[in-house]
Protein chains: 2
Amino acid sequence: MINRLTIIGLGLLGGSIGLAVKKHLSHCQVTGCAHRDGSLKAAKETGAIRDWTLDPAIAVREADLVILCTPVSRIPQWIERIAPHLKPGAIVTDVGSTKTAIVEAGERLIRSPAHFVGSHPMAGSEQKGVAVARADLFADAACIVTHTTQTDPIAADAVEAFWQTLGCRIVRHTPVDHDRLVALVSHLPHAVASALVAVQETASLDLHGRGFLDSTRIAAGDPELWRDIFIENRGNLVSSIDLLTRELFQLSSLLKMNDARAIQEWLAKHALRRSKL
Amino acid sequence: MINRLTIIGLGLLGGSIGLAVKKHLSHCQVTGCAHRDGSLKAAKETGAIRDWTLDPAIAVREADLVILCTPVSRIPQWIERIAPHLKPGAIVTDVGSTKTAIVEAGERLIRSPAHFVGSHPMAGSEQKGVAVARADLFADAACIVTHTTQTDPIAADAVEAFWQTLGCRIVRHTPVDHDRLVALVSHLPHAVASALVAVQETASLDLHGRGFLDSTRIAAGDPELWRDIFIENRGNLVSSIDLLTRELFQLSSLLKMNDARAIQEWLAKHALRRSKL
């Protein structure tokens, strides 16, 4: 039973968790913690948290569940800061878009009778900050929960139940599989959206329709946040870019051969797959 | 003054023009024509057209303006069919996503005192058919009107005024410039969206969030329609794919060098450009 929740990092995701908990787990007392008080005061005002502190030790000492919602590059150091202050049985999770390094740090630094389980709810926005947080951000979103040989099954159950309460659909993966799959379905589309913007002339950009706007919306996302994700998952992202460019070169070959039938088959195959989502 | 309008091809675009004309140019009598009566009957029922015929000669003989809204590969043959039956002073335009071959055919086959002016309103949907037509499809859309050495200035003015009445913003280009610019801002994003779907594993697709949905929405578009566009504009599309893959290889190099600062600059530059749209 999660009666006390601590959210570390009150941006879009941390703030939305707070609002969703208020709605779906109203008995739960939510404390906020961050390295600066600006976002904490804003989160308190929107009702995403009940109280806050800048002191990690105070923030987590009574928490049943701690959720790390900072940029991915800062999660390991927050794990170090809170690990000594967790109560027995406390569970720590995160919302980071990469998992291998974070889960490694979590499992190394947080030891039984406390537990670390990695999470990644596939929800977000190109906008950032607690001001755009919403209670329904997680509704119908996939949430990957990482399972390793060290994962405590009871802690994993609790983390999965928590995300389900917020509306998520749970998918289990190892951290390594997570990082490969999310490179394909999230990090690659972000890189491609930026590249699509990059290659535009001023005159072509002036002609943009709704198709271009939708296909590049994510390119407007926070550059620092995405720099961290790209750097953290760079091996998988490079492989994903290779796959995509190979696919585009195949299309180029069909175009050069003027092979209308093969181009239609290529388009039809992927149109069907996309329309099923 | 356009008192009689003939729309040839009653799909999403033809149907939306009919509905928009009914709203903004209610004095105008709209006739529909197509190679089959199914879409014409549906268009008549939605109010997009007032009457219809399968006979091109009857369809255009009293028309002040004829708009060709069929797939791009069929526009030249429709120009051939209607050209002998136009009244003096009639203007013919089209909504094709490629312009070089269409404008060449239009200017060759439609001679003074009738006139051809190419158009391309940047509006559409991944859905097709008159059932999804909307009167506001063209609101705030860019509409490219092609100008060549042969373009009649009075006819071009009339075509531009027509699209402005429907809510479009006019941009003038030569057919050659149009095809290069639209390859970048429309045909390339479609190819990339399909390729993004193509490279997904079943397990990665299962994790898709809103970012993936938005960035691949256009991949669900009609494969036959897009095959025609890709084939027609294949030279420019191949060049655009080259530009994009070069941009992605540059990103790959930065990732391999673990160059966080350069990656952030790359992301920030394009995020800023995108957020201004």
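This report walks through a few strands, the two matching chains and some unusual backbone spots.

First, some ground rules. The model is predicted, so local features need pLDDT of at least 70 and side-chain atom pairs count only at pLDDT 80 or more, while totals for chains, interfaces and linings use all residues. Residues are numbered from 1 along each chain as its sequence is written, and chains are lettered from A and ligands numbered from 1 in the order in which they are written.

**Around strand β2**

Let's start with β2(A), residues 29-33 of chain A. Helices and strands here are DSSP runs numbered from the N terminus, with at least four residues (H or I) for a helix and at least two (E) for a strand. Of the 5 residues in β2(A), 4 are buried (20 or more other C-beta atoms within 10 Å of a residue's own; 12 or fewer is exposed, in between is partly exposed, and C-beta atoms are placed from the backbone).

Which strands pair with β2(A)? One is β1(A), residues 4-8, parallel to β2(A) over 5 bridges; pairing takes at least two DSSP bridges. In this pair, T6(A) sits opposite T31(A). Another is β3(A), residues 51-53, which also runs parallel to β2(A), joined by 3 bridges. Here C33(A) faces T53(A).

Helices link these strands too. β1(A), helix α1 (residues 12-24) and β2(A) form a right-handed β-α-β unit, and β2(A), helix α2 (residues 37-46) and β3(A) form a right-handed one as well. "Right-handed" means that, with the strands pointing away from you, the path from the first strand over the helix to the second runs clockwise.

**Two chains, one axis**

A turn of 180 degrees and a shift of 0.0 Å along the axis lay chain A on chain B with an RMSD of 0.0 Å (least squares on C-alpha atoms of residues with pLDDT of at least 70 in both). The two copies are therefore related as by a two-fold rotation axis. In chain A, the C-alpha of S215(A) is nearest the axis, at 1.9 Å.

**Odd spots in the backbone**

Most residues other than glycine have a negative phi, and most peptide bonds are trans. Here are some exceptions:

| Item | Feature | Angle |
|---|---|---|
| S112(A)–P113(A) | cis peptide bond | omega about 15 degrees |
| S112(B)–P113(B) | cis peptide bond | omega near 15 degrees |
| D140(A) | positive phi | phi near 70 degrees |
| N258(B) | positive phi | phi near 60 degrees |

P113(A) lies in the loop between α5 (100-109) and β6 (115-116) of chain A. D140(A) is in the loop between β7 (119-121) and β8 (142-146) of chain A. Is D140(A) buried or exposed? D140(A) is exposed, because 10 other C-beta atoms lie within 10 Å.
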